[in-house]
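Q: Please take a close look at one part of this model, namely a sheet and the aromatic contacts associated with it. A connected account of the pairing, the ring geometry and the exposure would be appreciated.

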Amino acid sequence: DGKIKFGASQDLEIFHDGSDNFYNGTTGDMYFINKADDKDIVFQSDDGSGGYTTYFHVDGGTVKSIFSKPVQFIDSTKLFIGSSNDLEIFHDSSNTYIENYTGNFIFTQALDDGDMIFKCDNGSGGATEYFRLDGGEKQTIFSEEAVFADSKRLMFGAGGDLQVQHDGSNSKILNTTGDLKIG
């Protein structure tokens, strides 16, 4: 139960209370610094089966923080990305949110000929592909029906020159340039 104290005002304490270990700082920030070139700061704990394992480490060689075990954010705890917290990812126990507050929101599949696949519940407890961006074929492929709400147009051409629309009562095909050829 004894405490080791550091500083003129004894601002840092290290002690064991019979059950747990404590490092308490009462002023300023707490720094853990490894000044050895290309070396790490490693955080390990019990592995659930009598040994211990690394949960994450600060890698001085690759200049990354590397997580070796899952990271859990409890409900409504946000993951902020960007110097101004411009991107937020969180789950509020009912819904999941990805919110961007600056610039464009860009999804990129960088694998040559790779696909970007969008899946959702299939109505029977599984997940099915609804559509995909096929990088090998350079196509958007719909695997399930696509529905446009009343009065919303399906437009073709850079200027929307060909339009297909249903307003709830009538269906329209509008061509504003050249010939409309069927067949």
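A: What follows describes the sheet, then the ring pairs, and finally the contacts between charges and rings.

The model is predicted. Its open sheet consists of 3 strands in the order E10-E11-E12, and the pairing is antiparallel. Strand E10, covering residues 115–121, and strand E12, covering residues 139–142, form the edges, each of them pairing on one side only. From one strand to the next, the twist averages 20°. Strand E11 comprises residues 127–134 and is joined to E12 by 4 bridges, the two running antiparallel. Within this arrangement, Phe 131 is found opposite Phe 142 of E12.

The aromatic contacts may now be considered. A pair of aromatic rings is described by the distance of the centres and the angle of the planes. Across the whole structure, a search yields 7 aromatic pairs. One of them is formed by Phe 105 and Phe 107: the ring centres are 4.9 Å apart and the planes meet at 20°, so this pair is stacked, the cut-off for stacking being under 30 degrees. Phe 105 has a relative accessibility of 38% and therefore counts as partly exposed. Phe 107, by contrast, has 59% relative accessibility and so counts as exposed, the cut-off being over 50%.

A further pair belongs to the sheet itself. The rings of Phe 118 and Phe 131 have centres 4.5 Å apart and planes at 10°, and the pair is therefore stacked. Because Phe 118 lies in strand E10 and Phe 131 in strand E11, this contact ties together parts that are 13 residues apart in sequence. As to exposure, Phe 118 counts as partly exposed because its relative accessibility is 31%. Phe 131, at 28% relative accessibility, likewise counts as partly exposed. Phe 131 thus appears in two descriptions, as the residue opposite Phe 142 in E12 and as the stacking partner of Phe 118.

Other aromatic residues of the model complete the account. Phe 43, Phe 56 and Phe 67 are linked by ring pairs into a cluster. Two phenylalanine rings also have a lysine placed over them. In one case, the charged end of Lys 3 sits over the ring of Phe 15, at 4.6 Å from its centre. In the other, Lys 78 lies over the face of Phe 90, 4.7 Å from the ring centre.

Methods:
Residues numbered from 1 in each chain as written. Predicted model: local features only at pLDDT ≥ 70, side-chain atom pairs only at ≥ 80, totals over all residues. Heavy atoms only, no water. Pairing = 2+ DSSP bridges. Axes fitted to C-alpha atoms, helices over the stretch in contact; angles between N-to-C directions. Phe/Tyr/Trp six-rings, centres within 6.5 Å; stacked < 30°, edge-to-face > 60°. Buried < 20%, exposed > 50% of the residue type's maximum accessible area, 1.4 Å probe, protein only. Lys NZ or Arg CZ within 6 Å of the ring centre and 35° of its normal.
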